[in-house]
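Please look at the chain shown below and follow its strands and helices as you read. The report is written for someone meeting such a description early in their studies.

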Amino acid sequence: MKRRELLVVLAAGAIAEGCQAQENQTRYTNEIALPKPKVAGAVSLEEAIARRRSVRAFAPSPLPVGTIGQLLWAGQGITRADGKRAAPSAGALYALELYAVSATEVMHYLPHGHRAETRVTPDLRPQLQALALGQASVGAAPVVIVVAAEPGRLSQRYGARANTYTDIEAGHTAQNMLLQAAALGLAAVPVGAVDGTQAARALALPSGQTVIYLIPVGFAA
């Protein structure tokens with residue numbers, strides 16, 4: 001084999017190996033059934049509304065998977081047999097995806113069946129913090145819930161209004177999760193100042209998705 005041909009083959013192999021490594025880093029490798037969400041609690045809705053505050057200081061203790069699942073269910077969980085969810089969505093088209101980022105993994109919420117797919121990652125919270133104007137709460141919280149959006153799901157029906165309706169849906173979803181956090185005695189804060197495109201890249205989200213909200217959450221310091 002000529003030297004030039006050999007170099008081409010080696011380069012192609014290196015590119016393929018790099019692509020495979022990147023794919024392995026972004027592939028969800030495990031699927032888990034989350035503990036059944038609770039639909040009754042000791043704190044009333046009125047109490048949760050009164051308790052809700054933006055809290056930015058967190059204890060380092062990790063959140064139990066059932067607690068994370070409860071928060072995700074409050075945001076996008078299925079609450080009716082016909083598939084309708086906890087937060088309203090224009091045309092019931094559901095433009096949002098929820099992710100929970102911890103020090104060791106990314107969890108993608110799957111509303112149908114109240115499940116999640118997970119993948120092991122380096123700690124991505126420092127990257128998210130940097131993309132959120134350096135806000136310390138993003139790096140300090142044991143879990144950062146990521147509200148990602150795919151407005152294209154609404155575009156065919158709603159055209160130019162798709163982005164507006166997506167933002168409204170994100171507000172509904174975030175408030176549900178913030179109230180659920182308050183009811184569970186957790187600290188949480190909504191963070192809207194984030195570079196959504198770069199955050200989506202850092203999290204290796206599917207094409208067409210962008211990050212529009214971060215919710216650092218955990219036990220209060």
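What follows describes the chain as a whole, then its strands, a helix pair and some loop residues.

This is a predicted model, in which local features need pLDDT of at least 70 and side-chain atom pairs count only at pLDDT 80 or more, while totals for chains, interfaces and linings use all residues. Residues are numbered from 1 along each chain as its sequence is written, and side-chain values use heavy atoms, with hydrogens and water left out.

## The chain as a whole

The protein chain holds eight helices and seven strands, where helices (H or I, at least four residues) and strands (E, at least two) are DSSP runs numbered from the N terminus. Of its 221 residues, 40% are buried; here buried means under 20% relative accessible area, exposed means over 50%, and partly exposed lies in between, with a 1.4 Å probe and protein chains only. Contact means heavy atoms within 4.5 Å, and among the contacts in the protein chain with a separation of 6 or more, 72% are between residues 24 or more positions apart.

## Strands E2 and E5

Why can strand E2 (residues 96-101) be called largely enclosed by the rest of the structure? Six of the six residues of E2 are buried, so the strand is largely enclosed. In a regular strand the side chains alternate between the two faces of the sheet. Both faces of E2 are covered, with Leu 96, Leu 98 and Ala 100 buried on one side and Glu 97, Tyr 99 and Val 101 buried on the other.

Strand E5 (residues 143-149) pairs with E2 in the antiparallel sense over six bridges, two strands being counted as a pair if DSSP finds at least two bridges between them. Within this pairing, Ala 100 stands opposite Ile 145, and Leu 98 stands opposite Val 147. Seven of the seven residues of E5 are buried, so E5 is also largely enclosed by the rest of the structure. One side of E5 carries Val 143, Ile 145, Val 147 and Ala 149, and the other carries Val 144, Val 146 and Ala 148, all of them buried.

Each of these strands has a further partner, as described next. E2 is joined to strand E3 (residues 105-110) by three bridges, and the two run antiparallel, with a hairpin of three residues leading from E2 to E3. In this pair, Val 101 stands opposite Val 106. E5, for its part, is joined by seven bridges to strand E7 (residues 210-218), again running antiparallel, and Ala 149 stands opposite Thr 210 in E7.

## Helices H3 and H7

Helix H7 has 22 residues and reaches 32 Å from its first C-alpha to its last, close to the 32 Å expected at 1.5 Å a residue; the expected span is 1.5 Å times one less than the number of residues. The buried residues of H7 include Ala 162, Thr 166, Glu 169, Ala 170 and Thr 173. Just after H7, Gly 185 takes a positive phi of about 75 degrees.

Helix H3 (residues 65-76) packs against helix H7 (residues 162-183) at an angle of about 145 degrees, with their axes 7 Å apart. The contact involves Gln 70, Leu 71, Trp 73, Ala 74, Gly 75 and Gln 76 of H3, together with Glu 169, Thr 173, Asn 176, Met 177, Gln 180 and Ala 181 of H7.

## Residues in loops

His 114 lies in the loop between E3 and strand E4 (115-120), and this residue is buried, with a relative accessible area of 8%. Leaving out residues up to four places away in sequence, His 114 touches Ala 33, Leu 34, Pro 35, Lys 36, Pro 37, Gly 69, Trp 73 and Tyr 109.

Most residues other than glycine have a negative phi, and most peptide bonds are trans. The table lists two residues that have a positive phi although they are not glycines.

| Residue | Phi | Loop | Relative accessible area |
|---|---|---|---|
| Leu 133 | about 60 degrees | between helix H4 (125-131) and helix H5 (136-140) | 72%, exposed |
| Ala 204 | about 55 degrees | between helix H8 (196-202) and E7 | 29%, partly exposed |

Note on methods. Axes fitted to C-alpha atoms, helices over the stretch in contact; angles between N-to-C directions.
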